[in-house]
Amino acid sequence: PAPPALLPYVPRVPPAMLPGKLTATTFALEKPCCIFDRHANISDTIWLVVAFANASAAFRNPPSRADVPLYERLATTHSYMTLEMAAAAYACSAPSPAILRVGGDTACGGQGGRDPCNGPLPSPGPYRVKFLVMGCHGPKAETRWSDPILLRRASNPSAIDPMPTRRGSDAVVIASILASLGAALAVAVLSAMGAEAWGSLCHQDSGTGTFAHRSYKTHHIPPDLPQPLPPGCRCSPPGLGCFAPWPPGLRPAK
């Protein structure tokens, strides 16, 4: 068969900062939209080839789907194919996300090696990837290999010291003591301020309470209370005082 057409597209990891762009077992790829429209039919499928960087040059495209290298054989073949999708998924009008996740299927490994799988990558790599268009009669087109993709190295749990250093322990203890003292001092200050404010509120009064709890000496002479009028006394107009009525026959002449 004729060799597949070589497309100028080079797969790459997105340059933007993305959550989980590179992890210890996965990485993200830009989705190559509008790249295969002229080389793929509606019945064709597009695969992603993943290989160790030093084994990519030795990779040979499989002549049919039955010869696709599987994820479970990566340890011996040093390459596998995954993310099988219809060519329409990469068309210009495809509404699917623009990011592909390689190694995101954690359920891989329990299928007995019968179907292609997108399982976690077993080592940091580096890896190279390319896209391959497969038709009914074998490969039809392919992209170039990507630059080497190196995953993040996971920390070795045995290298973590479960006990901090002596100096670190002392610093933690001192910091704890200082924090406790600061909290106690703050509580004492707030309590004193609250007691003072409460006392000032309790002692405020309109005046009656003050006279009830304190004794005062004063030279103020209280005013004389009005005396009751003698019997038969009547009041003249204001300002003229009160006069007893004249006995009969003794009223002065006007």
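The protein has 3 helices and 9 strands. Along the sequence these elements succeed one another in the pattern β-β-β-α-β-β-β-β-α-α-β-β. The model is a predicted one, and its average pLDDT is 76, with 57% of the residues scoring at least 70. Confidence falls in particular stretches. Residues 159-168 stay under a pLDDT of 50, and the model gives them 1 contact beyond four places in sequence. Residues 201-220 likewise have a pLDDT below 50, with 3 contacts beyond near neighbours in sequence.

The overall packing can be described next. The chain has 254 residues, of which 28% count as buried. Among contacts with a separation of 6 or more, 69% are between residues 24 or more positions apart. The protein exposes about 17,800 Å², and carbon and sulfur atoms supply 63% of that area.

In soluble globular proteins, nonpolar side chains tend to be buried together. Here the largest nonpolar core contains 29 residues, and the members that touch the most others are F27, L29, F36, L48, V50, V102 and F131. Five strands, β2, β3, β4, β5 and β6 (127-135), each supply at least two residues of this core. Another core lies apart from it and consists of 7 residues, including F59, M81, L132 and M134.

T26 offers a local view of how separate parts of the chain meet. This residue lies in the loop between β1 (5-6) and β2. T26 counts as buried because its relative accessibility is 10%, under the 20% limit. Leaving aside residues up to four places away in sequence, T26 touches G20, K21, R101, V102, G103, G104 and L151. One of these neighbours, V102, is also among the residues that touch the most other members of the largest nonpolar core. The side chain of T26 makes polar contacts with two side chains: that of T23 at 2.6 Å and that of R101 at 3.3 Å. The C-alpha atoms of T26 and P124 are 9.2 Å apart, although 98 residues separate the two along the chain.

The cysteines are considered next. A disulfide is a covalent bond between the sulfur atoms of two cysteines. A search of the whole structure finds 2 disulfides. With the bonded cysteines counted along the chain, the pairing follows the pattern 1-2, 3-4.

One disulfide joins C34 to C92, with an S to S distance of 2.0 Å. This pair links distant parts of the chain, 58 residues apart: C34 is in the loop between β2 (27-30) and β3 (45-52), and C92 is in the loop between β4 (79-86) and β5 (99-102). Are these two cysteines buried, exposed or partly exposed? C34 is partly exposed because its relative accessible area is 39%, and C92 is partly exposed because its relative accessible area is 48%. The backbone at C34 also deserves attention, since C34 has a positive phi of about 65 degrees although it is not a glycine.

The other disulfide is formed by C108 and C117, with sulfur atoms 1.4 Å apart in the model. The link of C108 and C117 is left-handed, with -90 degrees about the S-S bond. Both C108 and C117 are buried, whereas C34 is partly exposed.

Why does C33, which precedes C34, form no bond to it? The cysteine sulfur closest to that of C33 is in C34, but it is 5.9 Å away and therefore too far for a bond; the cut-off is 2.5 Å. C33 counts as partly exposed because its relative accessibility is 30%. C136, by contrast, counts as exposed because its relative accessibility is 68%.

Two further backbone features complete the picture. A cis peptide bond joins G125 and P126, with omega about 10 degrees, and P126 lies in the loop between β5 and β6. H78 has a positive phi, near 65 degrees, in a residue other than glycine. H78 is placed in the loop between α1 (74-77) and β4. Its relative accessibility is 38%, so H78 counts as partly exposed.

Definitions and conventions. Residues are numbered from 1 along each chain as its sequence is written. This is a predicted model: local features need pLDDT of at least 70, side-chain atom pairs count only at pLDDT 80 or more; totals for chains, interfaces and linings use all residues. Side-chain values use heavy atoms; hydrogens and water are left out. Helices (H or I, at least four residues) and strands (E, at least two) are DSSP runs, numbered from the N terminus. Buried means under 20% relative accessible area, exposed over 50%, partly exposed in between (1.4 Å probe, protein chains only). Contact means heavy atoms within 4.5 Å. Accessible areas come from the Shrake-Rupley method with a 1.4 Å probe; for residues, only the protein chains shown count as cover. A nonpolar core is a set of buried Ala, Val, Leu, Ile, Met, Phe, Trp, Tyr and Cys residues joined through side-chain atoms within 4.5 Å. A polar contact is a pair of N or O atoms within 3.5 Å; within protein, one must be able to donate a hydrogen and the other to accept it, and residues adjacent in sequence count only if both atoms are side-chain atoms. pLDDT is the predictor's confidence in each residue, from 0 to 100.
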